[in-house]
Amino acid sequence: MEEKEITVNVKKYNEKDGVFWKSYRVKADRYTQMTEVLRRIKTEQDPSLSYRASCHMAVCGSCSMKINGIPSLACKTMAFKVMDEKGEINLESMDYYTEVRDLIPDVDTFYDRMYKVMPRLYADEEVIEGKEEQRMLPEEQKEVWKFQGCIYCGLCVSACPSVKADEKFLGPAAHAKGYRYIADDRDTKKEERIDMLMDSAWRCTSCYMCYEVCPQDVQPVIAIKKTRSHLDDYRGPETDVITMARKHDNAILELINDTGKIKESSLYLKTFGFGEAIKDSINMLKSGKIKYAFTKDNNVKNINEIKKIMGDKK
Ligand code: SF4
Ligand code: SF4
Ligand code: FES
């Protein structure tokens, strides 16, 4: 097997020395995982190098870090796939989390968010006592399964701009976990979960970064959209975010019913009102994007067909 010597630049951190970069030369071949690269550095060159890894097979979620600036699992990343033309790779601790040491982040805030959404099944008493059996149909299991696959790696949270900007947002992983139980008919806390997650669900900006970086294809943003679809079942406090969400929901239905499509500029106006639209128009004017607000948008031809599909959803 052909081996090459690669350069690994690690952004190191410790309390005494602060943040600094250190480079290491390591031999690797096309099958060398980044966790193996780190192991070689630690055992052969620098015992002080600190990182987390356990399963080496993308299951335990502990080796999360930024590889060349992209939130990734080190064990799922082959060194040869990510080195640049000079054979260099940059490693940093994940964004958002406080660094503990080198590539080890403090993930307490991540776990706090996960526990907030009660991440376990609350089955019916009869089932717990063994008096009844609850079975799932394959299609019901499929809906749950996608969101069940989360390995708590925290990569989606580190990539999420809304988590950084809005402390009331629970974050992508917690939403994926929360929706996993909303979708499970065996769970007895569905209403409580909807009330707990709804305000937060509308704080996501749908940028899809969580979708991009998730190593398990959990698609947290889809869980968030599915949670939003339960807006009519929400019985919690009427927060500003919930009021905006209801306006947004109604505006979408109104627009599809009237024109057969979602016209973005009208949707924005109906959701946020004239005052906010003026403020954003000024920003769009400054950034040269105002032309997109006036894009000509024709109604669809078979509007009656769409009205039929919409039924009483008006
Ligand atoms: S949803 Fe994906 S990226 Fe986020 S913590 Fe779970 S496995 Fe990791
Ligand atoms: S889609 Fe939503 S949850 Fe996912 S990264 Fe963007 S803002 Fe965060
Ligand atoms: S070492 Fe377990 S996920 Fe990478």
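Against which helices do the buried residues of α11 pack? In this predicted model, the buried residues of α11 pack against α5 (138–148), α6 (155–159), α8, α9 (190–201) and α10. The paragraphs below set out the chain as a whole, and then return to this helix and to the ligand beside which part of it is placed.

The protein chain contains 14 helices and 7 strands. Its C-alpha trace spans about 70 × 65 × 40 Å along the principal axes. Of the 314 residues in the protein chain, 31% are buried. Among contacts between residues at least 6 apart in sequence, 63% join residues that are at least 24 apart.

The protein chain is divided into three parts: domain 1 (4–103), domain 2 (108–233) and domain 3 (240–310). A distance of 30 Å separates the C-alpha centres of domain 1 and domain 2. Where these two domains meet, 12 residues of domain 1 are in contact with 12 residues of domain 2. The side of domain 1 that touches domain 2 consists, by class, of 8 nonpolar, 2 polar and 2 charged residues.

The interior may be considered next. The largest nonpolar core has 61 residues, and the members that touch the most others are Val8, Val37, Leu38, Ala74, Cys156 and Cys210. Helix α8 (residues 172–182) contributes the largest share of this core, 6 residues. Both domain 1 (4–103) and domain 2 (108–233) are represented in the core, each with at least three residues. Ala74 illustrates the surroundings of one such member: leaving aside its neighbours within four places in sequence, Ala74 is in contact with Gln33, Met34, Thr35, Leu38, Ala53, Cys63, Met65 and Ile67. Leu38 thus appears both among the contacts of Ala74 and among the core members that touch the most others.

Cys210, another of those core members, also leads to the ligand. Around ligand 2 there are 15 residues, of which Cys160, Pro172, Cys204, Cys207 and Cys210 come nearest. The shell is made up of 12 nonpolar residues and 3 polar ones, with no charged residue. At least two residues of the shell come from each of α7 (161–165), α10 (209–213) and α11 (220–228). The helix that gives the most is α11, with 3 residues.

This brings the account back to α11. Its buried residues are Pro220, Val221, Ala223, Ile224 and Thr227. Viewed down the axis of α11, these buried residues fall within an arc of 155°, so they line one face of the helix. The helices against which the buried residues pack include α8 and α10; α8 is also the helix with the largest share of the core, and α10 likewise supplies residues to the shell around ligand 2.

Two loop residues deserve attention for their backbone geometry. Gln219 lies in the loop between α10 and α11. Its phi is near 60°, a positive value in a residue other than glycine. Is Gln219 buried or exposed? Gln219 counts as buried because 20 other C-beta atoms lie within 10 Å, and the cut-off for a buried residue is 20 or more. Asn68 is found in the loop between β3 (64–67) and β4 (70–73). The phi of Asn68 is near 50°, again a positive value in a residue other than glycine. With 15 C-beta neighbours inside 10 Å, however, Asn68 is classed as partly exposed.

Key: Residues are numbered from 1 along each chain as its sequence is written. Chains are lettered from A and ligands numbered from 1 in the order in which they are written. This is a predicted model: local features need pLDDT of at least 70, side-chain atom pairs count only at pLDDT 80 or more; totals for chains, interfaces and linings use all residues. Helices (H or I, at least four residues) and strands (E, at least two) are DSSP runs, numbered from the N terminus. A residue is buried if 20 or more other C-beta atoms lie within 10 Å of its own, exposed if 12 or fewer, and partly exposed in between; C-beta atoms are placed from the backbone. Two residues are in contact if their C-beta atoms, placed from the backbone, lie within 7 Å. A nonpolar core is a set of buried Ala, Val, Leu, Ile, Met, Phe, Trp, Tyr and Cys residues joined through C-beta atoms within 7 Å. Domain bounds come from an automatic or database domain assignment. Ala, Val, Leu, Ile, Met, Phe, Trp, Tyr, Cys and Pro count as nonpolar, Asp, Glu, Lys and Arg as charged, and the others, Gly among them, as polar. A residue is near a molecule or strand if its C-beta atom, placed from the backbone, lies within 6 Å of it. The arc is that of the directions from the helix axis to the C-beta atoms.
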